[in-house]
Amino acid sequence: MYSNFLYSFSEGFKLIGRYNRHCQSIEIADLDQIDMGWTDYDPKRGASDKVLTMLCDSLYDRLLLQELGV
């Protein structure tokens, strides 16, 4: 149901991402706020600030490439 997890530890953020095959979406969670759970990430909407958006966009791209086997 889910891809392998990918991590991003940069700019003070500790993010984890996965591809949800059932929903065909990318889900990202902040390891420092794991109680907040997973959030569907849409690169068209971005995140709450510029740096976080850049990190989530990168994680999004890496997860899609992983799912495609590239």
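## Two loop residues with positive phi

Gln-24 sits in the loop that joins S2 to S3. The model described here is a predicted one. In this model the phi angle of Gln-24 is near 55°, which is a positive value in a residue that is not glycine. Gln-24 has a relative accessible area of 61%, so it counts as exposed, the cut-off being over 50%.

Glu-11 can be described in a similar way. It belongs to the loop between S1 and S2. Its phi is also near 55°, again a positive value in a residue other than glycine. With a relative accessible area of 55%, Glu-11 is exposed.

## Overall fold and dimensions

The protein contains one helix and four strands. Read from the N terminus, the order of these elements is β-β-β-β-α. The radius of gyration is 11 Å, close to the 11 Å that the globule rule gives for 70 residues, so the protein is as compact as a globular protein of that length.

Measuring along the principal axes is another way to describe the overall form: the C-alpha trace spans about 30 × 25 × 20 Å. The accessible surface comes to about 4,800 Å². Carbon and sulfur atoms account for 52% of that surface. Of the 70 residues in the protein, 33% are buried.

Contacts can also be sorted by how far apart the partners are in the sequence. Taking contacts between residues at least 6 apart in sequence, 37% join residues at least 24 apart.

## A buried residue in strand S3

Is Ile-26 buried or exposed? Its relative accessible area is 2%, and buried means under 20%, so Ile-26 is buried. This residue is part of strand S3.

Leaving aside neighbours within four places in sequence, Ile-26 is in contact with eight residues that can be found in the structure: Arg-18, Tyr-19, Thr-39, Asp-40, Tyr-41, Tyr-60, Leu-63 and Leu-64. A residue further along the chain is Gly-69, 43 residues from Ile-26. The C-alpha atoms of Ile-26 and Gly-69 are separated by 16 Å.

## The largest pocket

The largest pocket holds about 390 Å³ of space. It is lined by 18 residues, and those closest to its centre are Ile-28, Thr-39, Ala-47, Leu-52 and Cys-56. Two or more lining residues come from each of these elements: strand S2 (13-20), strand S3 (25-30), strand S4 (39-40) and helix H1 (50-68).

Which element gives the largest share of the lining? That element is S3, which supplies three residues. By residue type, the lining divides into nine nonpolar, five polar and four charged residues.

## Residues with partial or greater exposure

Asp-32 is placed in the loop between S3 and S4. Its relative accessible area is 48%, so Asp-32 is partly exposed, a class that lies between 20% and 50%. When neighbours within four places in sequence are left aside, Asp-32 is in contact with Gly-12 and Lys-14. Phe-13 is 19 residues from Asp-32 in sequence, and the two are 7.9 Å apart in space, C-alpha to C-alpha.

Ser-58 is another partly exposed residue, with 35% relative accessibility. It is found in helix H1. Between Ser-58 and Pro-43 the separation is 15 residues in sequence and 9.7 Å in space, C-alpha to C-alpha.

## Ahead of the first strand

Where is Asn-4 placed? Asn-4 lies in the segment before strand S1 (6-10). At 59% relative accessibility, this residue counts as exposed.

Even so, Asn-4 has contacts beyond its neighbours within four places in sequence: Gly-17, Leu-63 and Gln-66. Leu-63 is also among the contacts of Ile-26. Ala-29 is 25 residues from Asn-4 in sequence, and their C-alpha atoms are 14 Å apart.

Notes. Residues numbered from 1 in each chain as written. Predicted model: local features only at pLDDT ≥ 70, side-chain atom pairs only at ≥ 80, totals over all residues. Heavy atoms only, no water. 1 Å grid on protein atoms, 1.4 Å probe; cavity = no way out; pocket = protein on both sides within 12 Å on 5 of 7 lines; lining within 4 Å. Points joined across faces, edges and corners; volume = space filled by probe spheres on them. Nonpolar A, V, L, I, M, F, W, Y, C, P; charged D, E, K, R; others polar. Rg over C-alpha atoms; globule rule 2.2 N^0.38 Å. Buried < 20%, exposed > 50% of the residue type's maximum accessible area, 1.4 Å probe, protein only. Contact = heavy atoms within 4.5 Å. Areas by Shrake-Rupley, 256 points an atom, 1.4 Å probe, with all protein chains shown as cover.
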